[in-house]
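User: Please take a close look at the site where the ligand is held, and then relate it to the interior of the protein around it. A connected account would be preferred to a list.

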Amino acid sequence: MIGAVILAAGSGKRMGTTVPKQHMTLKGKPLYMHSVDAFLPMVSSIVVVAQQDRVPEVEKELSGSRYQGRVSVCAGGEERYDSAYAGLKCLETLGDFEYVLIHDAARCNVKADVIFNVIRDMKAYGAAVAAVPEKNTVKQANAEGFVEKTLDRTKLWEIQTPQGFLKAHLMEGYEAFFAAPVDGITDDASILEAYTAYPVKLTMGSYGNIKVTTPEDVALLTNGRI
Ligand code: CTP
Ligand code: MG
């Protein structure tokens, strides 16, 4: 069985709107709901992780019959990894899931083919993350803002979500992380990298699978440009 955790408990500081970006209305529905609707046909259960005081609102929005018994809502935490772990613990109360997909609600333009490909690779390799080859030249800078060196672009990938894992492997990593936390954990694959020896497969994502972060990103989506 596959479960999905959709992370929607951030504060959206870079967007700068009063309503957090994941609750903005996009094409007639809350932004986070685009991800819920994309994952619903692909998994058995979904946990939406929301800010604690927005849990009742999200539960109400997801009370329609198509979500009944398939979608649960739980409260997130201070950091993304706190929210991810809260979602995983919630998923564990719902059933015995062998696999879990974790997805940022902010990536509201995710399409079925990307989810399908991550599921395929997660089953083949144990862990898989959506990613696209880097298109830009990327340089490493020093603390003073001067170029240190140019990185080899042919080896660089931009990491997206969904990210899929054998749930037991991800939980093993998260438990080790919370016992002895390190900095720089900005996605779930980082947990496997830092705390386990399990390999992570890069699965071709999509350049349109953007993470809505600033108002320019919303404009791209509303104009139908991506
Ligand atoms: N997220 C979460 N819990 C947190 C922080 C982030 O569930 N404590 C979620 C966000 O809602 C988002 C995803 O993780 O869907 C990726 O985070 P990001 O795009 O950085 O969103 P925010 O943290 O909300 O935005 P910002 O960093 O600009 O404040
Ligand atoms: Mg953030």
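Analyst: In this predicted model, an oxygen atom of ligand 1 lies 2.8 Å from a backbone N or O atom of L7. Two further backbone contacts involve oxygen atoms of the ligand: a polar backbone atom of G12 is 2.7 Å from one, and a backbone N or O atom of S11 is 3.1 Å from one. Taken alone, ligand 1 would expose 560 Å², of which the protein buries 89%. Around the ligand there are 19 residues, and those that come nearest are L7, G12, K13, R14 and S83.

The account now turns to the protein interior. The largest nonpolar core comprises 31 residues, and the most contacts inside this core are made by Y32, V36, F39, I46, V48, L62 and L101. Among the elements that contribute two or more residues to the core are the strands β1 (2-8), β4 (45-50), β5 (71-75), β6 (99-104) and β7 (127-133), together with the helices α1 (31-39), α2 (55-61) and α4 (112-125). Apart from this core lies another, of 23 residues, which includes V5, A9, F97 and I191.

L101 shows what such a core position touches. Beyond residues up to four places away in sequence, L101 touches I2, G3, A4 and V5, then F39 and V43, then I115, V118, I119 and M122, and finally Q163 and G164.

A polar residue in the interior also merits attention. N209 is placed in the loop between β11 (201-204) and α7 (215-222). With a relative accessible area of 2%, N209 is buried. The side chain of N209 reaches the backbone oxygen of T161 at 2.9 Å. Neighbours within four places in sequence aside, N209 is in contact with R107, N109, V110, V114, Q160 and T161.

Finally, the cysteines may be considered. A search of the whole structure finds zero disulfides. C74 is in no disulfide, and the nearest cysteine sulfur, that of C90, is 4.4 Å away. Because a disulfide requires sulfur atoms within 2.5 Å, the 4.4 Å between the sulfur of C90 and that of C74 is too far for a bond. Both cysteines nevertheless count as buried, C74 at 11% relative accessibility and C90 at 15%.

Note on methods. Residues are numbered from 1 along each chain as its sequence is written. Chains are lettered from A and ligands numbered from 1 in the order in which they are written. This is a predicted model: local features need pLDDT of at least 70, side-chain atom pairs count only at pLDDT 80 or more; totals for chains, interfaces and linings use all residues. Side-chain values use heavy atoms; hydrogens and water are left out. A nonpolar core is a set of buried Ala, Val, Leu, Ile, Met, Phe, Trp, Tyr and Cys residues joined through side-chain atoms within 4.5 Å. Buried means under 20% relative accessible area, exposed over 50%, partly exposed in between (1.4 Å probe, protein chains only). Helices (H or I, at least four residues) and strands (E, at least two) are DSSP runs, numbered from the N terminus. Contact means heavy atoms within 4.5 Å. A residue is near a molecule or strand if one of its heavy atoms lies within 4 Å of it. A polar contact is a pair of N or O atoms within 3.5 Å; within protein, one must be able to donate a hydrogen and the other to accept it, and residues adjacent in sequence count only if both atoms are side-chain atoms. Accessible areas come from the Shrake-Rupley method with a 1.4 Å probe; for residues, only the protein chains shown count as cover.
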